[in-house]
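Colleague: Mind walking me through this one? I'd like the sheet, one helix and a few charged pairs.

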Amino acid sequence: MNPVKPGETRRTPWIVGVSGASGTPYAASVLRALLDAGESVDLVVSRASRLTLLDETAISFRDAHWQDDLREWLSRGADGKPGVYEAELDRVRYWSAGDLAAGPSSGSYPTKGMLIVPASTACVAGVALGLSKDLLQRAASVTLKERRPLVVAVRETPLNGQTLRHLVTLDDLGAAVVPTSPAFYAGATHIQDLVDFVAGRVLDAAGVEHTLYRRWKGELGGGDAE
């Protein structure tokens, strides 16, 4: 453990967990916005999400090459076009989902909270039931028990009664449940606009400032493209 030296600021990251649901562009948008806001990030990518990432982007996310793979992932727009964005990864720390001895597995590890985006129904169930089957679920359980903000961006449709009950449990435990449902009043003209709206609402729930979407100002017609 490295003590904080005089004049230094303790690194207090947001944990971002990426589960196996479809919606890896949502995670990429959230990660870019956190870094743009000057936040530090601890990233946990589940095993199932690697399959989704491979299917949606053709990127193989590898523990040994996570920086190269993450940089390639974050460079892509929601339409899959590479080289659209640039991201500095010096404030990102990566933890393997199988590492249950990782920092985020303990409540004494300082974090600002956790964002799960996208959250699959299996992930929702695991967190609601406190299963802690991998680091993502364990970190979420720790976030809840330490009374830190937990935002769960659930991505599934339709939702059955069992999943709805799990979501109510998470709400009762203090988590913010954010369905990945884009709105159209912000004047979206591209798929990236719809993705960024959802990512922005996730960050709103966490209290992180961003400029991902145009906010409602109480004026009809404000969503017309400029």
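Here is our chat about it.

Modeller: Heads-up: this is a predicted model, where local features need pLDDT of at least 70, side-chain atom pairs count only at pLDDT 80 or more, and totals for chains, interfaces and linings use all residues. Residues are numbered from 1 along each chain as its sequence is written, and side-chain values use heavy atoms, leaving out hydrogens and water.

Colleague: Which strands sit at the edges of the sheet?

Modeller: Strands here are DSSP runs of E, at least two residues, numbered from the N terminus, and two of them pair if DSSP finds at least two bridges between them. The open sheet has six strands with parallel pairing, in the order β3-β2-β1-β4-β5-β6. Those pairing on one side only are β3 (92-96) and β6 (176-177).

Colleague: At what angle to β4 does helix α4 run?

Modeller: Helices are DSSP runs of H or I, at least four residues. Axes are lines fitted to C-alpha atoms, for helices over the stretch in contact (heavy atoms within 4.5 Å), and angles run from 0 to 180 degrees between N-to-C directions. Helix α4 (residues 121-129) lies across β4 (113-119) and β5 (150-154), and its angle to β4 is about 145 degrees.

Colleague: Is Glu-39, the salt-bridge partner of Lys-112, buried or exposed?

Modeller: A salt bridge puts a side-chain nitrogen of Lys or Arg within 4 Å of a carboxyl oxygen of Asp or Glu, and Lys-112 and Glu-39 have their closest N and O atoms 2.7 Å apart. Buried means under 20% relative accessible area, exposed over 50%, partly exposed in between (1.4 Å probe, protein chains only). Lys-112, at 36%, is partly exposed. Glu-39 has 14% relative accessibility, so it counts as buried.
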